[in-house]
Structure formats: structure tokens, C-alpha cells
Amino acid sequence: MITAGLEIRSAKQRDAEQLWKLIVSTFSVYEDQFVPSVLSKGKGDLVARCNSWSIGLVGGEIVAAVQHEVEQDIYTFSYLAVRSDMRRLGYGTQLYRYVEDCSRSKGRQIILVAVRRAIESNVKFVESLGFHFIGPFGSSGRHDIYGNEIGSAA
């Protein structure tokens, strides 16, 4: 799928190194506040679960990525990342719309995401996509669950 210069496709094992570099550059900025779970899981987890990631490419280079999958019969997405110099160009939104299409193709009409409440820009982003607050997530008190009812394909 290509939209506005962004080619979106499923990640492959050969993408793992470039994908990991994007993840590290995106999430390491938070390490002075907390250890992002995607970094604590490590590169090995990303490589092992590469098939649950989709990537956005510009000129053959990975500039955006997201993990999405069915978990316990619910469609979820997490770790949406866009290279810092490519933000605010709509790539994150385009990648999320791809996630919606994947969710519909698997017969799911609701998508959930856990968002760290201290990162207000992430909360605003998911709300701009139509997500609504559902409630706290986990026992740490740091994340909230947001849901979006996307409906079936037209």
C-alpha cells in the first residue's frame, strides 16, 4: 500500500536491523523518565516477533513502524514510531489507518491501545484518531486503555 509517498507493508526478517534502529531512536528519549517496554524486551523480541510489525518506507528507508496483532481475541496496536525528522507529515496516521484495515481483514471492529498517560502527545494523538478512554491498564497506574470502534469495511 502506498499513500502520499509512504509505502506500508508487513515487516520481514531482513528489516529487523533498520526497524530496531528506528525503535531505539524513537523510544530512547524517554529513558531518563522510564524504560520503555519495547526497549526492555530488546532486539531479540523484535526479531522473533517481526511478523507482528508493519513498516512505512520512504525511498526504501524505514521511517515509521507499528506493532499490531490479535491478542486474546482483541486487535491491538503498540509502539507506533515515526522517525523524528518525519513527524507531523501524517505518516503515523497513515500507518494507523493501515492497522485499521488489517483489523477489519481479521474480522475485528474494535482496536485497543495502552497509552502511558504521562506522555500527553500520545494521548492527544490516539484521541485524534477517534480513540476513547476506557480505563486504567495494569497495576502500575501509568497506562490507560483507549478503544476505537472502527466498524466493518464499507
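**Close-up 1. R9 and D15 meet in a salt bridge.** In this predicted model, R9 pairs with D15 through a salt bridge whose closest N and O atoms are 2.8 Å apart. Both partners are out of the solvent's way: R9 is buried, and D15 is buried too. If you would like to place this pair in a wider setting, a search of the whole structure finds nine salt bridges. As a general reminder, side chains of opposite charge can pair when their charged atoms come close.

**Close-up 2. R83 takes part in salt bridges with E61 and with D85**. Start with E61, which forms a salt bridge with R83, the closest N and O atoms lying 2.6 Å apart. E61 sits in strand β4 (residues 61-71) and R83 in the loop between β5 and α3, so this pair ties together parts of the chain that are 22 residues apart in sequence. E61 is partly exposed, its relative accessible area being 39%. Now turn to D85: R83 forms a salt bridge with this residue as well, and here the closest N and O atoms are 2.6 Å apart. While you are looking at charged side chains, there is also a network to find, in which salt bridges that share partners join R97, E100, D101 and R104.

**Close-up 3. F77, Y96 and F131 form one aromatic cluster**. Five aromatic pairs turn up in a search of the whole structure. One of them is F77 with Y96, a tilted pair with 5.4 Å from centre to centre and 50° between the planes. This pair links distant parts of the chain, with F77 in strand β5 (residues 74-82) and Y96 in helix α3 (residues 91-105), 19 residues apart. F77 counts as buried because its relative accessible area is 5%, and Y96 counts as buried at 0% relative accessibility. Y96 also pairs with F131, this time edge-to-face, at 5.4 Å centre to centre and with 65° between the planes. Again distant parts of the chain are linked: Y96 belongs to helix α3, while F131 lies in the loop between α4 (120-128) and β7 (132-137), 35 residues apart. Like Y96, F131 is buried.

**Close-up 4. Helices α1 and α2 pack in a roughly antiparallel way**. Two packed helices are described by the angle between their axes and the distance between the axes. Here, the axes of helix α1 (residues 16-27) and helix α2 (residues 37-48) come within 10 Å and cross at roughly 170°. Angles over 145 degrees count as roughly antiparallel, which means that α1 is roughly antiparallel to α2. From α1, the contact is made by A16, E17, L19, W20, I23, V24 and F27, and from α2 by V38, L39, G42, K43, L46 and V47. Sorted by character, the residues of this contact are 10 nonpolar, one polar and two charged.

**Close-up 5. V38 of helix α2 and its surroundings**. V38 is buried, because its relative accessibility is 5%. Setting aside neighbours within four places in sequence, V38 is in contact with W20, I23, F27, W53 and Y79. For a sense of scale, V38 and Q72 are 34 residues apart in sequence, and their C-alpha atoms are 20 Å apart in space. Among the contacts of V38, Y79 deserves a second look. Y79 lies in strand β5 and has a positive phi of about 55°, although Y79 is not a glycine. With a relative accessible area of 17%, Y79 is buried.

**Close-up 6. R88 has a positive phi in the loop between β5 and α3**. Phi of R88 is near 70°, a positive value in a residue other than glycine. Is R88 buried or exposed? R88 counts as exposed, at 84% relative accessibility.

**Close-up 7. V126 of helix α4 and its contacts**. V126 is buried, with a relative accessible area of 4%. Which residues is V126 in contact with, leaving aside its neighbours within four places in sequence? They are F77, V113, V115, F131 and Y146. Two of these names are familiar from the aromatic cluster, in which F77 and F131 take part along with Y96. L89 offers another reference point: the C-alpha atoms of V126 and L89 are separated by 16 Å, and the two residues are 37 residues apart along the chain.

Key
Residues are numbered from 1 along each chain as its sequence is written. This is a predicted model: local features need pLDDT of at least 70, side-chain atom pairs count only at pLDDT 80 or more; totals for chains, interfaces and linings use all residues. Side-chain values use heavy atoms; hydrogens and water are left out. Rings of Phe, Tyr and Trp (its six-membered ring) pair if their centres lie within 6.5 Å; planes under 30 degrees apart count as stacked, over 60 as edge-to-face and the rest as tilted. Helices (H or I, at least four residues) and strands (E, at least two) are DSSP runs, numbered from the N terminus. Buried means under 20% relative accessible area, exposed over 50%, partly exposed in between (1.4 Å probe, protein chains only). A salt bridge is a side-chain nitrogen of Lys or Arg within 4 Å of a carboxyl oxygen of Asp or Glu. Axes are lines fitted to C-alpha atoms, for helices over the stretch in contact, and angles run from 0 to 180 degrees between N-to-C directions. Angles under 35 degrees count as roughly parallel, over 145 as roughly antiparallel, 65 to 115 as roughly perpendicular and the rest as oblique. Contact means heavy atoms within 4.5 Å. Ala, Val, Leu, Ile, Met, Phe, Trp, Tyr, Cys and Pro count as nonpolar, Asp, Glu, Lys and Arg as charged, and the others, Gly among them, as polar.
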